[in-house]
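Subject: A structure for you to look through

Dear colleague,

I am handing over a structure for you to look through at your own pace. Please open it alongside the notes that follow, which say what was found in it.

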Amino acid sequence: MTIWYKKQRTVVALSTVAAVAVGGMLVPSSALASGSGDNLTVNPSIETDTSGWVGWESSIERVQAENAPDGAFVAKVSNLGGVAYSIDDADATVKSTVEGSRYRASAQVAAGSDSAAGKNVTLVLREGAPDGTVVNWSTESVELSADGFTKVEVSTKAKASGNTLEVYAIQESDGVAGDAFLIDSVSVTGADNGAPTVAPAEPAIEEPAVEAPTEEPAVEAPVVEEPAVEAPIEEPAVEAPVVETPVVEAPIEEPVVEAPVVESPLVEAPVEAPAAETPAEAPVAEAPVAEAPVAETPASTGGETAEDIEGWTANYAEDFSRDAALGQFSSVYGEEWAGYSGFGDTADVGTYAPDKVLSVHDSALDFYLHSENGVPQVAAPMPDGYNGQTYGRYSLRFKSDNIDGYKIAFLLWPTSDDWNDGEIDWPEGNLAGVMSPASAQKGTYSDGRMTFDPPVRTYSATDATDWHTATTEWTPGLVKFFWDDVLVGTTTVPEGVPDAPMRWTLQAETNLDGQAVPADASGHILIDWVKAWTYNG
């Protein structure tokens with residue numbers, strides 16, 4: 001599952017002037033002067049005060065910097081002690097988007113303390129519908145330098161007209177008391193086919209419903225829902241999973257070799273699933289993935305289209321017929337398919353890095369899970385982007401190497417990025433064991449936890465080292481989980497069945513058991529095809 005930060009705009013921005021010095025050369029600003037030209041930002045260079053900006057888990061000061069990119073002052077954003085903190089526009093910078101238009105944001109950032117140097121800050125554009133639902137995020141991260149300012153840029157295409165667009169900068173993970181970053185020359189421009197209305201500086205602040213805080217907002221936010229985070233999100237520290245109890249840690253996870261096996265009335269849970277021998281990796285002759293070992297894949301089997309079946313109407317299918325080298329997945333399949341990027345995973349150990357993980361060859365999507373500079377590289381692509389639906393059937397054919405320290409949680413996450421709307425996980429499990437389904441009971445969020453259903457875990461009959469098909473059927477009042485068309489489990493209580501729109505996320509991440517990921521651990525997850533249907537009820 002994913003966790004997004006909930007943006008709580010409760011910290012009052014400070015206007016105290018303090019003198020600071022950041023070494024290095026001046027970086028020219030690309031942002032326009034405050035309120036001029038095409039820059040929609042209310043107070044881009046913080047020259048006179050901090051109006052227009054608020055902090056989340058942070059305090060904001062206007063400080064003097066000898067190498068400020070624009071003018072003499074910058075904003076210093078100081079962590080109040082959490083793992084994440086941010087500076088946010090006090091009201092949405094873009095009040096009414098234009099559908100299909102491209103919006104761009106940029107800022108200059110630098111380390112504001114010794115402890116923050118070398119950590120990442122992420123610039124986020126977040127689009128929200130009039131009802132408060134977050135419909136889209138775009139993010140880009142840079143490393144904070146103590147030697148000067150670095151420019152970070154991000155762009156997004158509006159999902160619909162009449163939505164809002166917020167901009168914020170966040171240190172999403174690894175935060176400690178004393179961390180701080182400097183920011184200046186914030187710019188938001190657009191739209192390509194008509195300038196949207198700039199949000200007035202109003203005292204009223206709208207707070208979207210988003211997911212439980214932990215590692216990112218909505219990114220959620222992001223969001224990161226959050227990311228929601230999905231929430232964002234998109235966030236609190238993940239606790240050890242609990243087995244066979246109605247309240248479990250978020251998300252549910254347990255190493256198969258240590259957890260007691262429970263006989264399910266639906267599927268016999270194996271005491272120890274024999275791990276299939278991992279096939280030897282071999283280079284692909286004609287479509288190599290840049291400098292990454294490539295796993296063997298057979299010809300695609302039946303994923304070209306999704307046929308209508310009784311009770312279901314086909315609405316999506318992808319069989320990965322277009323090759324995409326490592327680093328090219330977003331350009332071939334789209335930024336939204338690539339999913340999360342630039343922030344920490346649920347355990348706050350790995351970093352979502354689709355350009356370093358995802359490729360397509362031999363009609364299969366390849367997740368290359370590995371570490372770079374001691375940081376595990378993971379991914380969470382979304383087959384239909386941030387689009388969601390209420391009820392549906394979801395199926396995919398996949399296989400995985402046994403990869404110490406990594407897991408999957410292929411899930412349905414609420415488009416609201418509010419964890420209280422529920423969550424459906426299938427298949428989920430460490431990449432060295434069998435898979436187990438679960439569904440979060442809506443409305444049960446408390447202290448960073450949700451109650452999951454069914455209360456007694458059931459398991460797939462085999463591990464995922466050979467090709468298998470996992471299918472989720474979500475209907476009013478019931479969720480069913482299938483492994484190679486054999487029923488593995490179902491929800492047991494009405495609260496375990498979400499009734500709000502959900503989006504499909506194929507989340508590969510680091511384990512939640514607290515064990516360190518071996519530095520040399522690496523391997524592949526391969527997906528042959530994905531299909532989705534709408535419910536006809």
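Residues 192-291 are a stretch to read with care, because pLDDT, the predictor's confidence in each residue, stays under 50 there, although the model has 416 contacts for this stretch beyond four places in sequence. This is a predicted model, and the mean pLDDT of the protein chain is 78, with 72% of its residues reaching 70 or more. Over residues 1-37 the pLDDT is likewise below 50, and that stretch has 203 contacts in the model beyond near neighbours in sequence.

The next topic is the largest pocket. About 1200 Å³ of space lies in the largest pocket, and 50 residues line it, with Glu140, Ser141, Ser341, Gly342 and Tyr352 lying nearest its centre. Among the elements that give two or more residues to this lining are strand 7 (120-128), strand 9 (150-157), helix 2 (335-338), strand 14 (351-352) and helix 3 (354-357), while strand 8 gives the largest share, 7 residues. Sorted by class, the lining of the largest pocket has 15 nonpolar, 20 polar and 15 charged residues. Where does the largest pocket lie with respect to domain 1 and domain 2? Both domain 1 (38-192) and domain 2 (312-535) give residues to the lining, so the largest pocket lies between them.

Turning to the aromatic rings, the count comes to 17 aromatic pairs. One of these pairs is formed by tyrosine 340 and tyrosine 352, which are edge-to-face, at 5.4 Å centre to centre and with 70 degrees between the planes. Because tyrosine 340 lies in the loop between helix 2 and strand 14, and tyrosine 352 in strand 14, the pair ties together parts that are 12 residues apart in sequence.

Finally, there are some points about the backbone. As a general guide, most residues other than glycine have a negative phi, and most peptide bonds are trans. In this model, a cis peptide bond joins tryptophan 426 and proline 427, with omega about -10 degrees, and proline 427 is found in strand 20 (residues 423-430). The peptide bond from aspartate 453 to proline 454 is also cis, with omega near 0 degrees, and proline 454 is found in the loop between strand 22 (450-453) and strand 23 (468-475). Isoleucine 46, although not a glycine, has a positive phi of about 50 degrees, and its place is in the loop between strand 1 (17-20) and strand 2 (53-56).

With best wishes

Terms used: Residues are numbered from 1 along each chain as its sequence is written. This is a predicted model: local features need pLDDT of at least 70, side-chain atom pairs count only at pLDDT 80 or more; totals for chains, interfaces and linings use all residues. Side-chain values use heavy atoms; hydrogens and water are left out. pLDDT is the predictor's confidence in each residue, from 0 to 100. Contact means heavy atoms within 4.5 Å. On a 1 Å grid over the protein atoms alone, a cavity is a set of points where a 1.4 Å probe fits but cannot get out, and a pocket is an open set with protein on both sides within 12 Å along at least five of seven lines; lining residues have an atom within 4 Å of a point. Grid points are joined across faces, edges and corners, and a volume is the space filled by probe spheres set on the points. Helices (H or I, at least four residues) and strands (E, at least two) are DSSP runs, numbered from the N terminus. Ala, Val, Leu, Ile, Met, Phe, Trp, Tyr, Cys and Pro count as nonpolar, Asp, Glu, Lys and Arg as charged, and the others, Gly among them, as polar. Domain bounds come from an automatic or database domain assignment. Rings of Phe, Tyr and Trp (its six-membered ring) pair if their centres lie within 6.5 Å; planes under 30 degrees apart count as stacked, over 60 as edge-to-face and the rest as tilted.
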